[in-house]
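Visitor: I would like to go through this model with you before using it. Could we begin with confidence and then turn to the geometry?

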Amino acid sequence: MGHADDEGDERLAAEGEVAVARLAIDSGDLPHAADHLADAILADPQLPELYEALAELCAAAGGPAAARDLFPLDGQVYLGTVACRAHVEAAAGDWDTAVGLLASAIQYEPARPWAHTAWLAREDLPALVDPDAVAQAVARAAGGLPDPLPAELAEAVQPFEDFVQSVVARHGDHALLLAMASGLTRRLGATDRAVELAELAHLLAPGYLPSVMLGNALRAHGRPERALAVWEAELARVEPERDNSSSYLAVDVAELYGALGRPADGLPWLDRVLATEPDHPKAAPARYGLRHAADGDPAHLLALADHHRAHPDHEYAQDLLERLSHREPWLGMVSGATEATVNVLHQLLAAPGTTRDSEIECSASAVEPPSSLLAVRLALPRATVDYRSVAEPDPRLPLAEPATRIWAWDGTDPRPAVAPPAPDSAELVRATAEIVWATVPAAYDHAVRLAGLPLDDLLGALVHPPMPREDDLGRALLAHQPELWVRAVQVFACLGIAHHRTDQPWEDSDRRRVLVDLLLGPEDWVVEAAGFALVAIGWTHPETRADIADRLRQRLHYSARARRTRVVTVLRSLAALALTAPWLPRADLDLARRLIERAEAQEAREAREAGEAGEVGEVGEAQQAEVVPREQPEPRPGLLRRLFRRA
């Protein structure tokens, strides 16, 4: 519905521009008319009245050749001007220029149906164009297209591809055209045809460009080993006269080895490039990427961030960091929660008849992080949770006497120790919080918008989280995984604290004091959120890393010791967080890895035991939670009243 409304609005806008253009033509103000037609074609490239008005403008100017001057291409050029000029050139019979300008429009705005024009489909057009010009146009258009093309873009570009294939059929011995056509065809998903075109180009004119295009086509067609053979043969041929372009091919070879699960075979190619071009914009980032593929060490991701900070023009480092951080806990998204209370919450939310008005009593065997209650009450405000005991060491106690307290306890019942944030502050936190982010530095940068909030409001948001945003994601989180929203709010509130009074030197700053207090406070999700904020500061401000390492390892070692006598629900997530701070001492990183391995082994063991016993609930370290629903339909047996465990 929204898409149709947008199309209707664009057509109305285009019709309005055409109407004004016709008035300008009638009054003799042709430049003014041209400006409005350029706006119209940008709004709706398929509006019939637009082309009628464009023909009227050409006639008023003394013909299409004279109308060229109304759509100048020098200086800063507007996309609508380029598109109109393409049609004027076609009307003037300069087909090569027309095709080239149409390709430029496709390059800069591929979603628009620029190629859906009658003159491009003329049966005689392939005989009227120069294959060299078409090859250059294809290179220009394809250079702005993703590979492969999503369906909506493919539909817009398909008429251009049909035209190119018609020209190829007429000039089947033109190696450059064949090679360029292969790239466009590959993006549209016809990888077998792309291989055919590239192989013919390579046969006709063996060399760098046909080799690159053939390798790309073979890789897309599922023949990566053959692609490697083609590329390595070409690199061997040009080795004595290595140039800048061949170094990029060497990077592609190295990364293809990585994609094949053989990163060690790719590293020598990158070392060779860096030996001659130490500032190569892709080789060093690619080397970090391959090393990460080899051992999974987040240290290589930190190195990518450091590289990009030192070389901001090396955008590939940022692109690669985003790709390798995608949906990885803490690197690209908030880590999940494993409390027994949360597991029960998930079951309740999935049960027929559960509503926000359901009254539910939940009893857990031992105290859990109090933020888990925030998740329960976010989705089920009338639910109550009772903790039957406190295991030792007491998770309610901070590791050090803090100046910042956000939780207070009445026996085993937690309650916020700070006031809610002001409504405007809560709304800004609500608008800023995300469950996913591109990279750790990106999350840190995104939170800068919270820098001006009062510290008390940021602390208040930690224990009085606002409701999720009223969009599809917010509704899904509230209905199925409200704990992720709570954790997202806490993460970004702590990142906001990380931006508080950055004019203060780090060692004596309020932001350091508060974040350390939270990190070393009572066992809670806020501990992890504060830890992540400290990690993000370390990623972006290397001079803080040694100090942050000391605080992180203090929390990690405490949690590891506590696990010997009780369940520590945040331990696995905390260990994963420690690994995103690779500047920690090796012994601490090894400890974090062992803790994760033990948690995974225990999960697997309990899953097997649960399967053998016929249990249905979540698995993890044994901690019991039982729920008693009230004032809701009777669930089917065994759905709500059962033993839940957590990792």
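Guide: Certainly. pLDDT is the predictor's confidence in each residue, from 0 to 100. The model is a predicted one.

Visitor: What average pLDDT does the protein chain have?

Guide: The average for the protein chain is 92, and 92% of the residues score at least 70.

Visitor: Where does pLDDT stay under 50?

Guide: One such stretch is residues 615-622, for which the model has 30 contacts beyond four places in sequence. The pLDDT is also below 50 over residues 629-647, and this stretch has 63 contacts in the model beyond near neighbours in sequence.

Visitor: Let us change to helix packing. At what angle do the axes of α23 and α26 cross?

Guide: Helix α23 covers residues 455-463 and helix α26 covers residues 510-519; their axes cross at roughly 20° and come within 12 Å. Angles under 35 degrees count as roughly parallel, so α23 is roughly parallel to α26.

Visitor: Is the crossing of α23 and α26 left-handed or right-handed?

Guide: The crossing in which α23 passes α26 is right-handed.

Visitor: And which residues make the contact?

Guide: From α23 the contributors are L455, L459 and L462, while α26 provides R513, V514 and L518. By residue class, the contact of α23 with α26 has five nonpolar residues, no polar ones and one charged.

Visitor: Now the backbone. Which residues does a cis peptide bond join?

Guide: One cis peptide bond joins D147 and P148, with omega about 0°. P148 is placed in the loop between α8 (131-142) and α9 (151-170). Another cis peptide bond runs from E392 to P393, where omega is near -5°. P393 is found in the loop between β2 (384-387) and β3 (407-410).

Visitor: What about phi: which residue has a positive value although it is not a glycine?

Guide: R327 is one of these, with a positive phi of about 60°. R327 lies in the loop between α18 (315-325) and α19 (340-350). R501 also has a positive phi, of about 50°, and is not a glycine.

Visitor: Where is the place of R501?

Guide: R501 is in the loop between α25 (482-498) and α26, the helix whose axis comes within 12 Å of that of α23.

Visitor: What is the relative accessible area of R501?

Guide: The value for R501 is 38%. Partly exposed covers the range between under 20% for buried and over 50% for exposed, so R501 is partly exposed.

Conventions. Residues are numbered from 1 along each chain as its sequence is written. This is a predicted model: local features need pLDDT of at least 70, side-chain atom pairs count only at pLDDT 80 or more; totals for chains, interfaces and linings use all residues. Side-chain values use heavy atoms; hydrogens and water are left out. Axes are lines fitted to C-alpha atoms, for helices over the stretch in contact, and angles run from 0 to 180 degrees between N-to-C directions. Helices (H or I, at least four residues) and strands (E, at least two) are DSSP runs, numbered from the N terminus. Angles under 35 degrees count as roughly parallel, over 145 as roughly antiparallel, 65 to 115 as roughly perpendicular and the rest as oblique. A crossing is left-handed if the near helix is turned anticlockwise from the far one by less than a right angle, and right-handed if clockwise. Contact means heavy atoms within 4.5 Å. Ala, Val, Leu, Ile, Met, Phe, Trp, Tyr, Cys and Pro count as nonpolar, Asp, Glu, Lys and Arg as charged, and the others, Gly among them, as polar. Buried means under 20% relative accessible area, exposed over 50%, partly exposed in between (1.4 Å probe, protein chains only).
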